[in-house]
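Thanks for making time this morning. I would like to walk through one model with you, starting with how far it can be trusted and then turning to its interior.

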Amino acid sequence: MKKIKYLSLILIGALSLSSCTTDLETAPTDQANEAEVFKTAESAETVVNGTWAKFNDDGPTYANIGYSTVLRTSDAMGSDVAVLTNKYGFGSAYAFTDLVNNTGSRSLFFWSTLYSAINNMNNVISRIDGVEGSQSKKDQVKGQAKALRAFCYLNLASFYQFSYLKDKNALVAPIYTEPTTTNSVGKKRASLEEIYALIKNDLSEAGLLLDNYTRNNKDKIDKSVAYGLLARAYLNTGEWSKAVTAAQIAKAGFPLMAPEKYKDGFNDVTNGEWIWGHGQTQEQSGASYAFHYLDVSSSGSFYYSFMADPYFKDLFDTNDIRYQLFQWDGLPGREGLLRYAKFKFKANLIADIVYMRSAEMYLIEAEAAARNGNVTNAITVLNQLKSARHANVYNGPLAQNDVIKEVLIERRKELFGEGFSLSDIIRTQSTVVRKPYTDANGQPIKVQITTPDGTVKMVNGRGHSVFSFPDQSAFAPNSRYYLFTIPQKEAENNPNL
């Protein structure tokens, strides 16, 4: 993993001394002068760019590299990824013993990563109007800062409390909208309603501020990203018509990829369907490490740990382009596991990270339309995505619940490995579903594999290995085991929490 080293990241340490993270990081001795950092709009932009780089590529361990760790954890805690618990990285998340532990390194990493980014964006937002530069440049930087701040709070709202539609008054996490220092007084937890009000306000303003901005790469937040995040927020809060509108704006100009492109490995930010992602180079490739968990087919991948639940394969039509990505593993030690080769490294073991695609916006539009009673529109949009994957179109019952169920299944199929598993379970108040890969008599189901020497044989198919919560209770909706925990250090540092 390459180390990131440039000025904007040095600034992050200088500006990230929030009361939320006092014990989590120390300022470097070569920190830059804040007056110089916020002298011009261009220099202020380096704080946004540096925060984004640190947010993605920095981390204390190989299992905790940047924000994509949140997404890998979400999928490991879901229904469709059968994580190998003897592999490094996410076995404890898969078994629900990781994020429930408030003294663990991952809970501390997630919290400090989100709040460090929030504090940096608060610095930018509070100062940008007074710096030198054109109004258009100030608008761009402010819009990006507001959208990134909203993105962090959206993660807090999505993973640290149950669904907004269950209880919008439930307390989540503190809201900070002004820069903090080591002397700042910690705030109490805000409710879901309060956090979502900030999220929607920030993203609405960002959409306006970025209206005329044209970015030079998809790492940058533009109007499409802001509206895509807004579509997610409206879906979470049950504002169906607004979710439809925001998703339509976000996906404009990002056509669904050609079917065969689906086999390319989901590793290239230049894919026309990607709205937002994080590009990687040989010199800056920290986030690429996530692919060692996702990539189960490249010879250079270390872990092969995110195998697929065999029952997940049964959700796909055999003519679906995605169905062709499944293969029973025949390598020693992995015989009978099911590979889903959606993710593949580029050459030299680097890979770009996807954060938003137009396919997700199609699914948000379809789900929101269905929940709003517009089942005909929902089916039309859903079938556009299905057709793009060469899947059979939906022609089933027109009952609202049937259509919603079909959209949610399509979300699982389309967004596998992209970090939506747990957040969707929390959002929809549903449950993790895992069962042994056995027949009606409880016997293992045989599958055909090919070994490296070409031998074809039948072996026991293998899938999930964890079928209950740590206390041996059955998986159920709205379980405390689904929620990310606030780290103990935060509670110790903030008596007002």
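What follows covers confidence, one strand, and the enclosed spaces.

This is a predicted model, in which local features need a pLDDT of at least 70 and side-chain atom pairs count only at pLDDT 80 or more, while totals for chains, interfaces and linings use all residues. Residues are numbered from 1 along each chain as its sequence is written, and side-chain values use heavy atoms, with hydrogens and water left out.

On confidence, pLDDT is the predictor's confidence in each residue, from 0 to 100, and the chain averages 93, with 94% of the residues scoring at least 70. Helices (H or I, at least four residues) and strands (E, at least two) are DSSP runs, numbered from the N terminus; in those terms, confidence is highest in helix 13, at 99, and lowest in helix 1 (residues 7-15), at a mean of 39. Over residues 1-31 pLDDT stays under 50, and the model has 83 contacts beyond four places in sequence for that stretch, a contact being heavy atoms within 4.5 Å. Where pLDDT is low, the predicted coordinates should not be read in detail.

Now to strand 4, residues 274-278. Five of its five residues are buried, so strand 4 is largely enclosed by the rest of the structure; buried means under 20% relative accessible area, with a 1.4 Å probe and protein chains only. Strand 4 pairs with strand 8 (residues 353-357) in the antiparallel sense over four bridges, where pairing requires at least two bridges found by DSSP, and Trp276 stands opposite Met356 in strand 8.

Next, the cavities. A cavity is a set of points on a 1 Å grid over the protein atoms alone where a 1.4 Å probe fits but cannot get out, and lining residues have an atom within 4 Å of a point. Grid points are joined across faces, edges and corners, and a volume is the space filled by probe spheres set on the points.

How many cavities of 30 Å³ or more are there? The count comes to three, and the largest has a volume of about 370 Å³. Of the 28 residues that line the largest cavity, Ser158, Arg232, Asn236, Phe420 and Ser423 are the closest to its centre. Helix 7 supplies the largest share of that lining, six residues, and strand 8 is among the elements that each supply at least two.

The second largest cavity holds about 50 Å³ of space, and helix 4 (residues 68-76) gives the most to its lining, with three residues.

Methods. Buried < 20%, exposed > 50% of the residue type's maximum accessible area, 1.4 Å probe, protein only. 1 Å grid on protein atoms, 1.4 Å probe; cavity = no way out; pocket = protein on both sides within 12 Å on 5 of 7 lines; lining within 4 Å.
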